[in-house]
Amino acid sequence: MKKEKTEKTENKENKKHSKRKIVGIVLLSLFLLAIVGWGAFSIAMYEENFNQRFESYEPLSFRVEDFEGLSRTKYEFPSDKGQKLAGYWYSAGENQRGIIVIAHGFGGGGHNSYMDVANYFAQHGYYVFAYDATGNDESEGEGVGGVPQGQIDLNYAISFVEESGNFPKLPIGLFGHSWGGYSVCSVLTFHPEVRAVIECSGCNASADLFEGGGKSQAGDLIYTMMPFINLHEWLHYGKYATNTALDGFEASDAAVMVIHSEDDSVVSIEYGLDKYYEKYKDDPRFVFKRLKDKGHNYIINDMTYIDSFNVEFDKWLQTLHYDYKAEENKERFKKDKADYIHAHLDRTKWANRLNEEMFREFLAFYDKNLG
């Protein structure tokens, strides 16, 4: 009888143990599914934001004829997967004293919106090589792919300038804004021969663009997404995904100027200038310009004409007799907006919107370090 009770007790315990084991397996499975699901969602958000194709907005695009005396020659060169990138050689004189390679920002198409920058340096003693990154304007690629692609394309662009035989052997400087700012610093790991870099509104690591942009929408929840984003970039880009601006600074003796505005809501200053300043504030090869109220997209511009044009544009919006924000009016508004810009944009003022005082400092920086 005692033995029978013992067996019954053991059976009950075994059943309880089995139930606990099953519950544990179910809970672990649900936990793993939640992690996988959250990871998939995180990567989907990354792809949605970064793996797109971008074209310049034609009504606001620059034309070579907007700049007196500027000439341009188009080239094609391959990047990492054999995709052909469109490169452009700008000049406005002979016997220039260096070559400035421009890396453009993210989301507005290729290098076109930096043609005024190319013109300025070309008019002041430098050849300029600019290009459209993968998935932008005249370059191949169904989409950008991801943030590290900017560093890769710049790596190949510099090598093309140095090795193709199409260009004079002159010291090279880099200029980059936003995505391009991250690229011109991190690429120094692969091109320590570069003499001088000007970085505007950039960041240290590729994943910073996702983290910084997502923080304003998701708050601290963004940090739970970052391990998946870092893994995703590493699987696709390897060494480029883990290579940072700080790595580039360590690998190079290049002179570096960093410009960032405290109110930048696209790439927070904590991801760029603040991080570099903490380490290099006493290093004479670094120059830091911490600005106020300059934002992100127009940090290098004199806003006088841009602001006046926007005021008139807002007045025009009020005259429309339809809801331009409604989905059914999307195409109508797109055409009307383009027509308005074509009719009212002063192309001379638009092409001369750079902050002259700031660019004189840029020029002096290049002259000192490339001459």
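The exercises below, each with a worked solution, concern a predicted model.

**Exercise 1. Packing of α3 and α4**

Find how helix α3 and helix α4 are oriented to each other, and which residues make the contact.

Solution.
- Step 1. Two packed helices are described by the angle between their axes and the distance between the axes.
- Step 2. Helix α3 covers residues 148-163 and helix α4 covers residues 179-186; they pack at an angle of about 55°, with axes 8 Å apart.
- Step 3. Angles under 35 degrees count as roughly parallel, 65 to 115 as roughly perpendicular and over 145 as roughly antiparallel, with the rest oblique. α3 and α4 are therefore oblique to each other.
- Step 4. The handedness of the α3 and α4 crossing is right-handed.
- Step 5. On the α3 side, the contact is made by Pro148, Gln149, Gly150, Gln151 and Leu154. On the α4 side, the residues are Trp179, Tyr182, Ser183, Val184 and Ser186.
- Step 6. Sorted by class, the residues of this contact of α3 with α4 are five nonpolar, five polar and no charged.

**Exercise 2. Packing of α5 and α6**

Work through the same description for α5 and α6, starting from the angle at which their axes cross.

Solution.
- Step 1. The axes of α5 and α6 cross at roughly 150° and come within 10 Å.
- Step 2. The cut-off for roughly antiparallel is an angle over 145 degrees, so α5 is roughly antiparallel to α6.
- Step 3. α5 and α6 make a right-handed crossing.
- Step 4. α5 contributes Phe210, Glu211, Gly214, Lys215 and Ala218 to the contact, and α6 contributes Ile222, Tyr223, Met225, Met226 and Ile229.
- Step 5. The classes in the contact of α5 with α6 are seven nonpolar, one polar and two charged residues.

**Exercise 3. Helix α6**

Compare the length of helix α6 with the expected value, then state which of its residues are buried and what follows the helix.

Solution.
- Step 1. Helix α6 runs over residues 222-237 and has 16 residues.
- Step 2. From first C-alpha to last, α6 reaches 22 Å, close to the 22 Å expected at 1.5 Å a residue.
- Step 3. The buried residues in α6 are Ile222, Met225, Met226, Ile229, His232, Glu233 and Tyr237.
- Step 4. Gly238 follows α6 and has a positive phi, near 55°.

**Exercise 4. Two aspartates with positive phi**

For Asp137 and Asp293, state the phi and the location, and decide for each whether the residue is buried or exposed.

Solution.
- Step 1. Most residues other than glycine have a negative phi.
- Step 2. Asp137 has a positive phi, near 45°, and Asp293 has a positive phi of about 55°.
- Step 3. Asp137 sits in the loop between β4 (127-131) and α3, whereas Asp293 sits in the loop between β8 (286-291) and α10 (304-319).
- Step 4. Buried means under 20% relative accessible area, and exposed means over 50%. With 15%, Asp137 is buried; with 68%, Asp293 is exposed.

**Exercise 5. The surroundings of Asn204 and Gln123**

Describe where Asn204 and Gln123 lie, how accessible each is, and what each touches beyond four places away in sequence.

Solution.
- Step 1. Asn204 is in the loop between β6 (196-200) and α5 (208-218); Gln123 is in helix α2 (residues 115-123).
- Step 2. Asn204 has a relative accessible area of 8%, so this residue is buried. Gln123, at 34%, is partly exposed.
- Step 3. Asn204 touches Tyr182, Thr244, Ala245, Leu246, Tyr271, Lys275 and Tyr276.
- Step 4. Gln123 touches Glu68, Gly69, Leu70 and Ala92.

Methods:
Residues are numbered from 1 along each chain as its sequence is written. This is a predicted model: local features need pLDDT of at least 70, side-chain atom pairs count only at pLDDT 80 or more; totals for chains, interfaces and linings use all residues. Side-chain values use heavy atoms; hydrogens and water are left out. Helices (H or I, at least four residues) and strands (E, at least two) are DSSP runs, numbered from the N terminus. Buried means under 20% relative accessible area, exposed over 50%, partly exposed in between (1.4 Å probe, protein chains only). Contact means heavy atoms within 4.5 Å. Axes are lines fitted to C-alpha atoms, for helices over the stretch in contact, and angles run from 0 to 180 degrees between N-to-C directions. A crossing is left-handed if the near helix is turned anticlockwise from the far one by less than a right angle, and right-handed if clockwise. Ala, Val, Leu, Ile, Met, Phe, Trp, Tyr, Cys and Pro count as nonpolar, Asp, Glu, Lys and Arg as charged, and the others, Gly among them, as polar. The expected span of a helix is 1.5 Å times one less than its number of residues.
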